[in-house]
Amino acid sequence: MAYTRGNLAVKPKPIERVSPGYREQTKVITRRAPLPMKEKMLYLLTVVVCVAVAGLVISRYANIYDLNKQSEKLSVEIRKNQLLSTQMEVKRETLKNSILATAIKDGYVEPSEHETVYVPRTTITPEKEISDVDSAQK
C-alpha cells in the first residue's frame, strides 16, 4: 500500500498518459480588424493627391526641360548669326576698300580738293528709278 497524503486506505490512481500520436494544438492567430471605410477613403485620397502632385511636378520639369532646349537652340542660332555677321563685316570692309579702285577702273575721275562738282537736279521717283535700271540692263 502506498502512503498518500497520510492515508493508507486510498489507492493511488495511475497517471493517465496521453498518447503522443494525436495532440491538439492551439495556435493563437491575431487578426486585424478590417479598415473602416473612412480610413480606406482617406488612404485612397492621399494616394490620389500624391499622384496628382507628382504629375504636376513632372509636367513642370518637362516644361522647364523644353524651355531649356529652346534656349539652347536659340543660343546656337545666335552664335551662327554672330559668325555670319562677322563674315559680312569683313566682306563689307573688303568692298569698302576696293570700291575706289573699281570706280577708277570703270571711269571715275576723282575731283581735286578745290574743284567744284555740279550734280544736275532731277526728281526721280522709286518706280521711275527701277524702270530706268531695268531698261539700262536690257
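## A salt-bridged helix

R92 is partly exposed, with a relative accessibility of 46% (buried is under 20%, exposed over 50%, partly exposed in between; 1.4 Å probe, protein chains only). This is a predicted model: local features need pLDDT of at least 70, side-chain atom pairs count only at pLDDT 80 or more, and totals for chains, interfaces and linings use all residues. Residues are numbered from 1 along each chain as its sequence is written, and side-chain values use heavy atoms, without hydrogens and water.

**Exercise 1. Trace the salt bridges of R92.**

Step 1. Apply the criterion: a side-chain nitrogen of Lys or Arg within 4 Å of a carboxyl oxygen of Asp or Glu.

Step 2. Take E89. Its closest O atom is 3.2 Å from the N of R92, and the pair forms a salt bridge.

Step 3. Take E93. Its side chain meets that of R92 in a salt bridge at 3.4 Å, N to O.

Step 4. Join the pairs. E89, R92 and E93 form a network. The structure holds 2 salt bridges.

Step 5. Place the first pair. R92 and E89 lie in helix α1, 3 residues apart, about one turn. Helices (H or I, at least four residues) and strands (E, at least two) are DSSP runs, numbered from the N terminus.

Step 6. Check the partners' exposure. E89 is partly exposed at 40%. E93 is also partly exposed, at 33%.

**Exercise 2. Describe the course of α1.**

Step 1. Count elements. The protein chain has 2 helices and 0 strands.

Step 2. Compare spans. α1 has 69 residues and reaches 99 Å from first to last C-alpha, close to the expected 102 Å (1.5 Å times one less than the number of residues).

Step 3. Locate the bend. α1 turns by about 40 degrees at S98, the angle between axes fitted to the seven residues ending there and the seven starting there.

Step 4. Look past the end. G107 follows α1 with a positive phi, near 110 degrees.

**Exercise 3. Which residues form the nonpolar surface patch?**

Step 1. Set the rule: residues over 30% relative accessible area without a salt bridge, like charges joined within 9 Å, nonpolar side chains (Val, Leu, Ile, Met, Phe, Trp, Tyr) within 5 Å.

Step 2. List the members: L45, V49, V53, V57, Y61 and I64. Together they offer about 570 Å² (Shrake-Rupley, 1.4 Å probe; for residues, only the protein chains shown count as cover).

Step 3. Inspect Y61. Y61 lies in α1, residues 37–105. Y61 is exposed because its relative accessible area is 59%.

Step 4. Widen the view. Of the 138 residues, 0% count as buried. The chain exposes about 14600 Å², 60% of it from carbon and sulfur atoms.
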